[in-house]
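Reader: I am in my first year and would like a close look at one part of this protein, namely the places where charged side chains pair up. Could you take me through them slowly, and then show me how they sit within the rest of the chain?

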Amino acid sequence: MQAYYSIAGRELEREIVPVVEDQGLGVMVWSPLAGGFLSGKYTRDKRGDNDSRRTVFDFPPVDKERAYDIIDAMAPIAKAHGSSVARVALAWLLQRKGVMSVIIGAKTIEQLDDNLAAAELELTPEEITKLDAASALKPEYPGWMLARAGRGPRADKEGKGVRISAARGGR
């Protein structure tokens with residue numbers, strides 16, 4: 001399938017990626033740099049050039065504060081590899097299960113060369129863990145309810161769930 005997927009837009013992981021993995025399919029990703037937001041030219045202090053695409057066409061939707069946190073996590077990894085934030089964002093995506101290809105776009109030959117070099121950037125397991133944590137999706141229902149009911153990280157020491165009851169004062 002062809003779908004939007006990026007380190008700043010991981011919603012595809014809620015349902016589609018598990019199906020793709022289960023069925024042995026692949027995802028061809030469009031907008032892997034979130035419409036240029038993950039290109040490295042956007043930070044909390046710098047909002048991109050006046051001629052940048054996002055200045056006139058802010059798409060796909062990105063939770064910018066969350067994305068800045070992700071960029072902050074990618075920056076030291078990029079520096080450690082002598083790389084760019086964009087290359088790290090693409091390398092992270094290329095190392096995801098189910099991703100078979102990404103569709104990139106570039107204004108300059110330098111951007112194209114940098115994007116293509118992402119295929120050669122091997123992130124360490126520790127770096128992947130840091131990036132996964134920085135970009136993790138917030139739990140949504142029923143996931144947060146299952147955790148609360150003890151089928152997740154809030155189970156008691158015996159593995160039994162924490163019973164939740166609002167009716168008649170609870171038990």
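Author: Let us start with one pair in this predicted model: Asp72 and Arg44 form a salt bridge, and their closest N and O atoms are 2.5 Å apart. Because Asp72 lies in helix α3 while Arg44 lies in the loop between β2 and α2, this pair ties together parts of the chain that are 28 residues apart in sequence. As for the surroundings, Asp72 has a relative accessibility of 47% and therefore counts as partly exposed, and Arg44, at 31%, likewise counts as partly exposed. In general terms, side chains of opposite charge can pair when their charged atoms come close.

Arg44 also has a second partner, for it forms a salt bridge with Glu65, with 3.4 Å between the closest N and O atoms. This pair, too, links distant parts of the chain, since Arg44 is in the loop between β2 (27-30) and α2 (53-56) and Glu65 is in helix α3 (residues 64-80), 21 residues away. Glu65 has a relative accessible area of 45%, so this residue is partly exposed. Seen from Arg44, then, there is a salt bridge to Glu65 and a salt bridge to Asp72.

Another pair is made by Glu140 and Arg14, whose side chains meet in a salt bridge with an N to O distance of 3.4 Å. Here the two residues are 126 apart along the chain, with Glu140 in the loop between α6 (125-135) and α7 (143-151) and Arg14 in the loop between β1 (2-4) and α1 (16-22). Both ends can be described by their accessibility: Glu140 is partly exposed because its relative accessibility is 43%, and Arg14 is partly exposed because its value is 32%.

The count of salt bridges comes to eight, and some of them share partners, so that it helps to look at a group as well as at single pairs. Salt bridges with shared partners join Arg10, Glu13, Arg96 and Asp132 into one network. From Arg10 we can step to an uncharged neighbour, as the side chain of Ser135 makes a polar contact of 2.7 Å with the side chain of Arg10. Ser135 is placed in helix α6, and because its relative accessible area is 0%, Ser135 is buried. Leaving aside residues up to four places away in sequence, Ser135 touches Ile7, Arg10, Arg66, Ile70 and Trp92.

The loops that hold these pairs have some further details of their own. In the loop between α6 and α7, which is where Pro142 is found, the peptide bond from Tyr141 to Pro142 is cis, with omega near 10°; this is also the loop that holds Glu140. In the loop between β2 and α2, where Arg44 lies, we also find Ser31 and Ala34. Ser31 has a phi near 55°, which is a positive value in a residue other than glycine, and Ala34 is not a glycine either, yet has a positive phi of about 50°. Ser31 counts as buried because its relative accessibility is 13%, under the cut-off of 20%, and Ala34 counts as buried because its value is 0%.

Charged residues also take part where two helices meet. The axes of helix α4 (residues 85-94) and helix α5 (residues 109-117) come within 8 Å and cross at roughly 35°, and the crossing of α4 past α5 is right-handed. On the α4 side the contact is made by Ala86, Arg87 and Leu90, and on the α5 side by Asp114, Asn115 and Ala117. These residues divide into three nonpolar, one polar and two charged.

Finally, these parts can be placed within the whole protein, which has seven helices and three strands. Its elements run β-α-β-α-α-α-β-α-α-α from the N terminus on. Of the 171 residues, 36% are buried. Among contacts between residues at least 6 apart in sequence, 69% join residues at least 24 apart, and the pair we began with, Asp72 and Arg44, joins parts that are 28 residues apart.

Key
Residues are numbered from 1 along each chain as its sequence is written. This is a predicted model: local features need pLDDT of at least 70, side-chain atom pairs count only at pLDDT 80 or more; totals for chains, interfaces and linings use all residues. Side-chain values use heavy atoms; hydrogens and water are left out. A salt bridge is a side-chain nitrogen of Lys or Arg within 4 Å of a carboxyl oxygen of Asp or Glu. Helices (H or I, at least four residues) and strands (E, at least two) are DSSP runs, numbered from the N terminus. Buried means under 20% relative accessible area, exposed over 50%, partly exposed in between (1.4 Å probe, protein chains only). A polar contact is a pair of N or O atoms within 3.5 Å; within protein, one must be able to donate a hydrogen and the other to accept it, and residues adjacent in sequence count only if both atoms are side-chain atoms. Contact means heavy atoms within 4.5 Å. Axes are lines fitted to C-alpha atoms, for helices over the stretch in contact, and angles run from 0 to 180 degrees between N-to-C directions. A crossing is left-handed if the near helix is turned anticlockwise from the far one by less than a right angle, and right-handed if clockwise. Ala, Val, Leu, Ile, Met, Phe, Trp, Tyr, Cys and Pro count as nonpolar, Asp, Glu, Lys and Arg as charged, and the others, Gly among them, as polar.
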